[in-house]
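Student: I am new to this structure and would like a close look at one part of it. Could you walk me through a pair of packed helices, and then show me what lies around them?

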Amino acid sequence: MNDPTTVSNTRLMRLVEGAAAVAGQTDLTSVLYTTIETAIDLTGARFGALGVVDEDGKLMEFLHRGMSSDQADEIGHPPEGLGLLGTITKRGETLRLPDLSEHPDSVGFPANHPPMRSFLGVPIRLGTEIFGNLYLTDKEDGFTREDEELVAGLAVVAGAAINTARLQRRLRRLAVVEDRERIARDLHDAIIQDLFAVGLSLQATTQKVVTDEVHSVITDTVQRLDDAISSLRRFIFDLRPPIWSQRDLREEVSELIGHLTEPYNAQTEVVFEGKLDKLTPNIVDDALQLISEALSNALRHAGSELVLVEVGQDRDELMVVVTDHGTGFELDEPTTGMGLENIRARAQRAGGEATITTSPGSGTTVRIRLPL
Ligand SMILES: Nc1ncnc2c1ncn2[C@@H]1O[C@H](COP(=O)(O)OP(=O)(O)OP(=O)(O)O)[C@@H](O)[C@H]1O
Ligand SMILES: [Mg+2]
């Protein structure tokens with residue numbers, strides 16, 4: 001009955017269905033959340049989480065399911081990757097424990113953290129790189145060898161789905177850049193050269209013209225052509241691939257948050273992660289606009305005393321997360337506002353994505369990813 005090496009058909013079917021759900025997601029955040037939900041569903045774990053790491057194995061992002069938002073609020077901040085979590089994160093190996101507090105690297109939980117005993121951690125790989133780890137805790141009677149195999153199978157599918165989501169994003173981005181470059185080239189090669197030629201031949205004509213009146217009209221026209229060419233050149237210059245920005249995103253974000261929060265009886269905390277350099281002016285502008293929209297909503301509508309803004313950069317994306325613990329709202333209800341729609345549209349135009357997680361009574365998280 002409990003043969004640890006043969007997985008039951010029912011559970012295999014559920015793995016296949018879960019894997020299909022994961023693979024069916026198009027944006028990265030949905031892939032990650034569906035992976036956690038499927039893993040919880042497959043194993044009967046109470047809590048599930050997915051930690052994303054950077055090149056140095058440092059914990060960059062932590063998504064979780066199974067904990068009520070009140071519980072999460074009480075803990076206050078996501079794990080910092082110390083203790084056992086840090087060990088697993090760096091090592092990228094599967095780990096299954098009946099009681100995680102007995103592991104030598106365990107440092108215990110922060111205040112207000114619900115107790116957790118049994119543990120299953122499985123790495124998610126992208127080729128040879130470790131993308132992150134899938135964590136499950138608190139299955140009654142502990143996780144079995146079979147759970148481990150099923151979750152390892154899910155992790156392989158998740159890795160492939162993450163890769164696809166990133167690839168699609170890069171392609172979208174590339175399409176935008178290529179379009180701009182093509183338009184710039186066409187404008188330069190075809191139109192400017194034409195205008196230039198017209199100007200030259202007009203100038204040649206002035207030599208032969210006798211009446212002063214016609215002479216001055218032509219001179220005037222040539223001048224206007226020159227102006228048109230200059231403004232086209234400026235336009236083309238703007239279209240060209242961007243140069244790196246000298247702007248300091250940290251400074252600008254801090255300043256923006258200060259201005260926006262000041263009129264409210266609330267506090268906004270900001271956390272920066274990663275290098276945050278080599279950003280194009282476009283991405284800096286997008287990030288500031290997106291933070292401004294999401295933060296204004298949190299301040300105006302949520303009634304939350306504390307809003308958290310996180311800005312982080314990893315290998316290939318800039319991530320912005322705005323979280324409040326306020327009223328939340330019904331996402332499907334039609335509104336007259338433009339803010340949320342603008343957030344989605346702006347993120348998409350930049351080749352990225354915006355995910356809004358909310359429900360009445362449970363606060364709101366706006367998570368935005370912009371490809372670099
Ligand atoms: N963080 C939040 N907390 C609670 N409710 C929110 C939050 N963000 C948005 N909402 C709700 O969603 C609605 C739509 O938001 P949206 O930003 O699109 O429009 P708006 O803020 O009302 O107007 P606009 O952004 O155009 O000035 C809001 O009116 C509000 O009811
Ligand atoms: Mg708004």
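Tutor: Let's start with H8 and H9, keeping in mind that this is a predicted model. Helix H8 covers residues 281-302 and helix H9 covers residues 339-349, and their axes cross at roughly 155°. An angle over 145 degrees counts as roughly antiparallel, so H8 and H9 are roughly antiparallel to each other. The two axes come within 10 Å, and the crossing of H8 and H9 is left-handed.

Now look at the residues that make this contact. On the H8 side you will find Asp 286, Gln 289, Leu 290, Glu 293, Ala 294, Ser 296 and Asn 297. From H9 come Gly 339, Asn 342, Ile 343, Arg 346 and Ala 347. Sorted by character, the residues of the H8 and H9 contact are four nonpolar, five polar and three charged.

The same two helices lead us to ligand 1, since H8 and H9 each supply at least two residues of the shell around ligand 1. That shell holds 15 residues, and the closest are Asn 297, His 301, Ala 302, Gly 337 and Gly 339. You have already met Asn 297 and Gly 339 in the helix contact, and here both are among the closest residues to ligand 1. H8 gives the largest share of the shell, four residues. By character, the shell around ligand 1 divides into five nonpolar, nine polar and one charged.

Other helix pairs are worth setting beside this one. Helix H5 (residues 145-208) and helix H6 (residues 212-239) have axes that come within 10 Å and cross at roughly 165°. H5 and H6 are therefore roughly antiparallel to each other, and H5 passes H6 in a left-handed crossing. The residues of the H5 and H6 contact comprise 17 nonpolar, eight polar and two charged.

H5 also meets helix H1 (residues 9-23); their axes come within 9 Å and cross at roughly 20°. H1 and H5 are therefore roughly parallel to each other, and their crossing is right-handed. In this contact, Arg 11, Leu 15, Gly 18, Ala 19, Val 22 and Ala 23 of H1 meet Leu 150, Gly 153, Leu 154, Val 157, Ala 158 and Ala 161 of H5. Those residues divide into nine nonpolar, two polar and one charged.

Finally, step back to the whole chain. The chain has nine helices and ten strands. Its radius of gyration is 27 Å, well over the 21 Å that the globule rule gives for 372 residues, so the chain is more spread out than a compact globule. Along the principal axes, the C-alpha atoms of the chain fill a box of roughly 105 × 50 × 40 Å.

Conventions
Residues are numbered from 1 along each chain as its sequence is written. Chains are lettered from A and ligands numbered from 1 in the order in which they are written. This is a predicted model: local features need pLDDT of at least 70, side-chain atom pairs count only at pLDDT 80 or more; totals for chains, interfaces and linings use all residues. Axes are lines fitted to C-alpha atoms, for helices over the stretch in contact, and angles run from 0 to 180 degrees between N-to-C directions. Angles under 35 degrees count as roughly parallel, over 145 as roughly antiparallel, 65 to 115 as roughly perpendicular and the rest as oblique. A crossing is left-handed if the near helix is turned anticlockwise from the far one by less than a right angle, and right-handed if clockwise. Two residues are in contact if their C-beta atoms, placed from the backbone, lie within 7 Å. Ala, Val, Leu, Ile, Met, Phe, Trp, Tyr, Cys and Pro count as nonpolar, Asp, Glu, Lys and Arg as charged, and the others, Gly among them, as polar. A residue is near a molecule or strand if its C-beta atom, placed from the backbone, lies within 6 Å of it. The radius of gyration is taken over C-alpha atoms; the globule rule is 2.2 Å times the number of residues to the power 0.38.
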